Every structure is written in C-alpha cells, then in structure tokens.
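Thanks for coming. I will take the cavity, then a pocket and a surface patch, then salt bridges, and end with backbone angles.

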Amino acid sequence: MKLIIVGGVAGGASAAARARRLSEDAEILLIERGPDVSFANCGLPYHIGEVIPQRDKLLVTTPERLRERFRLDVRTRSEVEAIDRHGKTVRVRDLTTGRVYEEGYDKLILAPGAAPIRPPIPGADLPNVFTLRNLADTDRIKKVVDAKIERAVIVGAGFIGLELAENFVHRGIATTILDRNQQVLPPFDPEMTTPLVAALAEKGVEVLLGQTAETISAGADGMTVTLTSGDTRTAQLVVLGIGVRPENMLAVQADLAVGPRGGVRVNEYLQTSDPDIFAVGDVIETTDFGTGERTQVPLAGPANRQGRIAADNAFGRKSKYRGTQGTAILGFFGTTAAMTGLSEKALKRLGKPYRKVYVHPAHHAGYYPGAEGMSLKVIFDPETGKLLGAQGVGGAGVDKRIDVLAVAVQAGMTVFDLEEMELCYAPQFGSAKDPVNMAGFVAGGLLRGDHPQIDWEAVAAMTEKPLLLDVRTPLEYASGRIPDAVNIPVDDLRSRLSELPKGRAIVAYCQVGQRGYLATRILMQAGFTVSNLGGGYKTYLLHQPQGVRA
Ligand code: FAD
C-alpha cells in the first residue's frame with residue numbers, strides 16, 4: 001500500500017502519523033510545499049506579539065522527527081502540481097531544484113488547507129500589506145513590527161484579526177481594526193460581541209464596524225488606508241484577515257466534486273467523489289452537525305480529527321466523521337469568547353424555531369476571591385428542549401462551560417439534562433449550582449411554563465409599550481437602568497402592588513433575571529399580566545453596543 005498525503009500541517013501530519021500507527025508496512029509520503037511541517041498556525045499571532053518569543057516553539061515537530069519516529073518519507077519544499085486519477089499518479093515539483101517527477105499512489109489524502117483571501121483592492125499588493133497563514137508570513141510581519149512602527153490597520157475582525165490586534169497592542173502599536181459587518185467576530189451573535197468591542201476600546205484599539213479598506217496607497221508616512229466612509233487612516237503595516245478560500249486547485253483540475261463555495265465534497269468517510277482520494281481540513285466542505293447542511297469550517301480541531309479518520313478509511317477501517325459543530329474560542333486582553341453549535345442568527349436565517357436564555361454568573365463561588373463574571377447564552381428547541389447551540393463571553397471559566405455545552409450538544413442532550421449535570425465543585429473552581437446548571441434551570445423553567453420570560457428584542461418591538469418594572473435596589477437603579485423604567489425593589493413589591501396597573505403588560509427586570517423571576521411569580525399570582533426580561537439588565541446592556549457602528 002502506498003499512501004500519498006498532500007499538505008503536511010494540521011490535517012496532513014495527523015493523517016500521516018495515524019497511517020503509520022495503522023500500518024508498519026505501508027509506504028507513506030508526506031508532501032509539503034513549505035519548508036516546515038506540523039507548525040502551530042494557531043500560535044503565529046503570539047510570536048508576533050512576543051508572547052511566544054522563541055520561533056522554534058512553533059514547530060510542533062520537524063521533518064527529521066517525522067522520519068525518525070514514524071518512518072515517513074517527508075518531502076518539504078515540494079509541491080503537488082497535478083493528480084492523474086486514471087494513472088493514479090501525482091506530479092510533484094521539487095521547489096528547491098525545480099525537478100518535476102511523478103509518484104504513483106494507491107490512496108491519496110488531500111490536506112492542502114485554505115489560502116487567505118486577498119481582496120482585489122488597489123494597494124493590496126503593497127510591500128507592507130500582509131496576510132497571515134504560515135511562518136514565512138509571520139516572519140515578514142514580525143520584521144515590520146520589530147522595526148518599531150507606530151500604526152497598524154487590520155482589515156477583518158475575525159479570529160485572526162482580533163488575535164493580531166491584541167498582539168500589536170502588546171508591541172505598542174496604535175491599532176485600528178475594521179470589519180464590513182456590523183459586529184466583530186461574525187460567527188457569534190452580535191450581542192455576545194458587545195463586551196469584546198468594549199475590551200478592545202479599553203485597550204485603545206479603534207474598532208470601526210460597517211467599514212472596510214477601499215484602497216491602500218503608499219505615502220510619505222507609510223500607507224494611507226481609505227475606508228468605506230471616505231475617512232482615511234495612516235499605517236506602516238496593514239494585515240488583511242478577511243477569511244480563507246479552500247486550496248482546491250488540485251481537486252478542481254482532477255475533476256473531483258467541489259461545492260459552490262469551493263470546498264471539496266466528501267462523504268462521511270471523508271472520501272471525495274473518487275473513492276481512492278480522501279480530503280480533510282480547511283479544503284473540504286463538511287456537514288454542519290446541527291443542521292446536516294453542507295458548510296465550511298476552517299478550524300484546527302476538525303482538521304486534526306479528520307486527518308485521523310481519513311487515514312483509518314484509507315487503511316480499510318470504517319471511521320465516520322460526525323460533522324462539524326463549529327466549537328471555537330478566542331481570547332484577548334483577558335476576555336474570552338467561545339461558542340458551539342448553531343447561533344441564533346444561523347437559526348433565523350434557516351427559519352428554524354428556537355428559544356434562548358441568558359445567565360450571567362460568576363465563574364466560581366462569589367465569596368472566594370477572584371471570581372470573574374461571564375455571560376452565557378444557551379439556544380434550544382422550543383418543543384423538546386434539545387440543545388442547539390451556546391455562546392459565552394467573559395473572563396475565566398468560559399472555556400470550561402462551552403466545552404461542557406459542546407459535549408452536551410454533540411450528545412443530543414436537552415436543557416433538562418443541563419439541570420441534572422453533576423459538575424466538579426469547590427469554591428475556587430465553580431459553584432454548587434454551576435453556570436451550566438443555572439442555564440438549565442432557567443431554560444427548563446421556561447419550557448415548563450413556570451415563568452413567562454420575554455427577550456429584549458421582543459420588548460423593543462412591542463407597539464404598546466409595557467410598563468418596565470425595575471425590581472433592583474434604588475442604588476442599582478440609580479447607577480443605570482432601562483429608560484422609562486419605574487423602580488419597586490422586589491422586597492417592597494408585595495406591599496406596593498396598588499401602584500401597578502392591572503390592565504397593562506408589565507415587564508419586570510433585575511440585574512440578571514433571578515429577582516425578576518421572583519417578582520414575576522408574585523405579580524402573576526396577584527393577577528397582573530407580567531413577564532420577566534430574560535437575562536435582566538445585563539442582557540439589555542449586551543444589546544446596547546456603544547458608538548462603534550458606522
Ligand atoms: P493547513 O494547516 O493550512 O496545512 C495545509 C498545508 O498544505 C500548507 O502548509 C500548504 O503549504 C500545504 N499545501 C497546499 N497545497 C499544496 C500542494 N499542492 N502541495 C504540497 N503542499 C501543499 N484554528 C483553531 O481551531 N484555533 C485557533 O486558535 C486557530 N488559530 C489560527 C491562527 C492563524 C494565524 C491561522 C492561519 C489559522 C488558525 N486556525 C485556528 C486555523 C487552523 O490553523 C486551520 O484550520 C488548520 O491548520 C487547517 O488544517 P489543514 O491541514 O486543512 O491546512
């Protein structure tokens with residue numbers, strides 16, 4: 001058996017190592033265009049920021065090590081230029097010598113990844129305009145940063161753009177980040193990104209939404225970036241982080257099936273339309289775990305797992321890929337944002353029914369020093385309570401909760417299962433009622449009809465304005481409230497019922513939803529038409545982004 005793997009980083013290197021573990025006899029070629037294999041793409045922004053000062057730490061392994069430990073035939077600086085499916089050969093160019101030769105295969109795994117998109121705007125090819133994919137790009141960007149530049153513009157506020165913003169700030173560079181969307185981090189629901197924009201602003205990063213770079217021109221002071229609004233920013237460094245496109249050229253030339261967005265089509269065994277050719281990682285179109293629809297999710301976790309699965313199948317073990325949930329995380333300036341499964345905006349786009357709850361707990365017992373806050377949003381089926389997705393933003397502990405929820409989504413659990421989850425607890429780690437349990441209690445209570453809850457968007461859309469009843473303390477009310485709200489603290493409510501109108505809808509709210517729930521129960525039983533504002537004032541604040549939209 002002769003296996004050829006094209007691309008030697010996340011998906012390709014995983015496939016190669018797995019293949020060797022499955023077969024000591026197979027001939028395994030790992031062909032990589034660049035000088036390095038298996039480097040840590042995800043660590044690249046942190047080397048630029050000198051959080052990871054040693055460059056060689058980014059080399060997870062070396063070609064020599066792969067040769068020694070796995071007896072792989074690793075060929076770096078070698079590009080596969082074409083596939084002949086009928087002759088079962090690939091054409092390889094040795095980029096050092098220029099020699100072109102053919103190699104036969106029994107099975108082929110394509111793991112060529114995805115290339116950053118370079119928009120066709122004037123100036124995108126200027127010397128200090130970069131994209132970031134590999135160590136060579138990292139070296140080029142770091143060289144400019146090391147020259148002590150003053151200003152940078154990042155186009156695209158996705159994962160890579162935001163990570164770079166943090167690292168540029170570490171290096172003392174005044175940074176502007178643009179996104180043509182009206183939010184940063186587009187896979188997330190917009191309200192969950194409000195704290196991220198606040199964290200960026202606090203560190204002096206200029207965030208411009210609804211804006212992109214229309215032109216970049218060279219000038220005396222570096223470059224001038226002209227924005228959609230017509231405004232300009234000067235910068236000595238511009239990084240384009242607007243997304244990636246599958247490197248599907250080999251597949252297209254070989255007439256393999258490719259989806260409308262360029263992802264190579266694979267079945268659940270990661271087999272392309274040619275049964276002897278598998279494809280993994282950023283180059284493929286995969287299945288969305290939640291909807292079963294085709295999607296493209298360029299993430300390292302899926303690429304690594306797919307590499308293993310493709311190797312299994314190449315060697316006759318039937319391994320299935322379950323689909324991609326889009327579990328992702330980002331951290332900067334001490335703020336974490338993480339998500340799994342379907343977002344609310346994806347569900348809206350698909351016209352699928354859902355309900356959602358927000359909770360705003362601390363990451364561990366509040367009485368133990370160092371508790372940090374988080375906002376957690378859980379989205380579920382309105383009939384069955386089956387979990388559809390979750391997002392979290394805040395300080396410590398967001399990662400743990402989204403990981404738990406990612407497992408719950410994959411296991412097909414419901415919000416009622418979240419109520420029952422037994423998670424580890426001591427005061428420095430969590431709470432006896434973990435944030436995940438809390439989300440389950442709120443969602444479970446809602447589905448059981450224990451309390452009517454209303455979302456902020458629904459309140460804002462009401463034509464007959466409800467009475468907004470703030471049931472927090474006068475001090476909390478004085479330090480920030482929803483406009484027009486009246487204040488009756490929950491502890492005074494029973495004695496002040498006569499101040500409330502019987503015929504008008506009342507929306508009660510507190511800080512996070514808990515006192516609002518109690519107030520709702522009191523008022524319901526006293527005959528008022530009342531709902532609790534889901535997630536309380538903190539959720540209302542998430543829906544009030546501050547002054548950054550175009
Ligand atoms: P790659 O890892 O890109 O490897 C493909 C390789 O194939 C490349 O080295 C390329 O040179 C080679 N190649 C292409 N065509 C040929 C050819 N014809 N012949 C020979 N070789 C070829 N994901 C996360 O989940 N978390 C993160 O924190 C994260 N951070 C990231 C930060 C950065 C800066 C970048 C760029 C990506 C990040 N990602 C992250 C995404 C993650 O790195 C990718 O999803 C993952 O590497 C995809 O794996 P892959 O094997 O499909 O492609």
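The lining of the largest cavity is made up of 5 nonpolar, 3 polar and 1 charged residues. Before going on, please note that this is a predicted model.

So which residues are they? The lining consists of Gly281, Asp282, Ile284, Thr286, Val297, Leu299, Pro302, Ala303 and Gln306. Two elements give two or more residues each to that lining, namely strand 20, residues 284-287, and helix 8, residues 300-314. Helix 8 contributes the most, with 3 residues. As for volume, the largest cavity comes to about 30 Å³. The structure has 1 cavity of 30 Å³ or more.

Next, the second largest pocket. Its volume is about 580 Å³. The lining of this pocket takes in 21 residues, and those nearest the centre are Met438, Val442, Val512, Gly513 and Gln514. By class, the lining splits into 8 nonpolar, 10 polar and 3 charged residues.

Which elements supply at least two residues of the lining of this pocket? They are strand 24, helix 12, which is residues 435-448, and helix 15, which is residues 514-525. Helix 12 provides the largest share, 4 residues.

Now to the surface. Tyr367, Tyr368 and Tyr425 make up a nonpolar patch there, and together they have about 350 Å² of accessible area. Two of its members can be placed in more detail. Tyrosine 367 sits in the loop that runs between strand 24, residues 355-359, and strand 25, residues 374-380. Tyrosine 367 has 62% relative accessibility, and because the cut-off for exposed is over 50%, this residue counts as exposed.

Tyrosine 425 is in another part of the chain, the loop between helix 11, residues 415-420, and helix 12. Its relative accessible area is 38%, so tyrosine 425 is partly exposed. There is also a contact to note across the sequence: tyrosine 425 and histidine 364 are 61 residues apart along the chain, and 8.6 Å separates their C-alpha atoms.

On to the salt bridges. How many does a search of the whole structure find? The search finds 36 salt bridges. I will go through three pairs and one network.

The first pair on my list is glutamate 79 and arginine 33, whose side chains meet at 3.4 Å, N to O. Glutamate 79 belongs to strand 4, residues 78-84, while arginine 33 is in the loop between strand 2, residues 27-31, and helix 2, residues 44-48, so this salt bridge ties together parts 46 residues apart in sequence. Glutamate 79 is partly exposed, at 22% relative accessible area. Arginine 33 is partly exposed as well, at 37%.

The next pair is aspartate 137 with arginine 140, at 2.8 Å, N to O. Both are in helix 4, residues 135-146, and because they are 3 residues apart, about one helical turn separates them. Is each partner buried or partly exposed? Aspartate 137 is buried, with a relative accessible area of 10%, whereas arginine 140 is partly exposed, with 43%.

The last pair is arginine 265 and glutamate 285, with a salt bridge of 2.4 Å, N to O. Arginine 265 lies in strand 18, residues 264-265, and glutamate 285 in strand 20, so the pair joins parts that are 20 residues apart in sequence. Strand 20 came up earlier, as one of the elements lining the largest cavity. Arginine 265 counts as partly exposed at 29% relative accessibility, and glutamate 285 is buried at 4%.

Beyond these pairs, a network of salt bridges links Asp189, Glu191, Glu344, Lys348, Lys356, Lys377 and Glu457.

Finally, the backbone. What is the phi of aspartate 255? The angle is near 65 degrees, a positive value in a residue other than glycine. Aspartate 255 is located in the loop between helix 7, residues 249-253, and strand 18, and is exposed, with 62% relative accessible area.

Leucine 270 also has a positive phi, about 65 degrees, although it is not a glycine. This residue is in the loop from strand 18 to strand 19, residues 277-279. Leucine 270 is buried, with a relative accessible area of 1%.

That is the end of my list.

Notes. Residues numbered from 1 in each chain as written. Predicted model: local features only at pLDDT ≥ 70, side-chain atom pairs only at ≥ 80, totals over all residues. Heavy atoms only, no water. 1 Å grid on protein atoms, 1.4 Å probe; cavity = no way out; pocket = protein on both sides within 12 Å on 5 of 7 lines; lining within 4 Å. Points joined across faces, edges and corners; volume = space filled by probe spheres on them. Nonpolar A, V, L, I, M, F, W, Y, C, P; charged D, E, K, R; others polar. Patch = residues over 30% accessible without salt bridge, like charges linked within 9 Å, V, L, I, M, F, W, Y side chains within 5 Å. Areas by Shrake-Rupley, 256 points an atom, 1.4 Å probe, with all protein chains shown as cover. Salt bridge = Lys/Arg side-chain N within 4 Å of Asp/Glu carboxyl O. Buried < 20%, exposed > 50% of the residue type's maximum accessible area, 1.4 Å probe, protein only.
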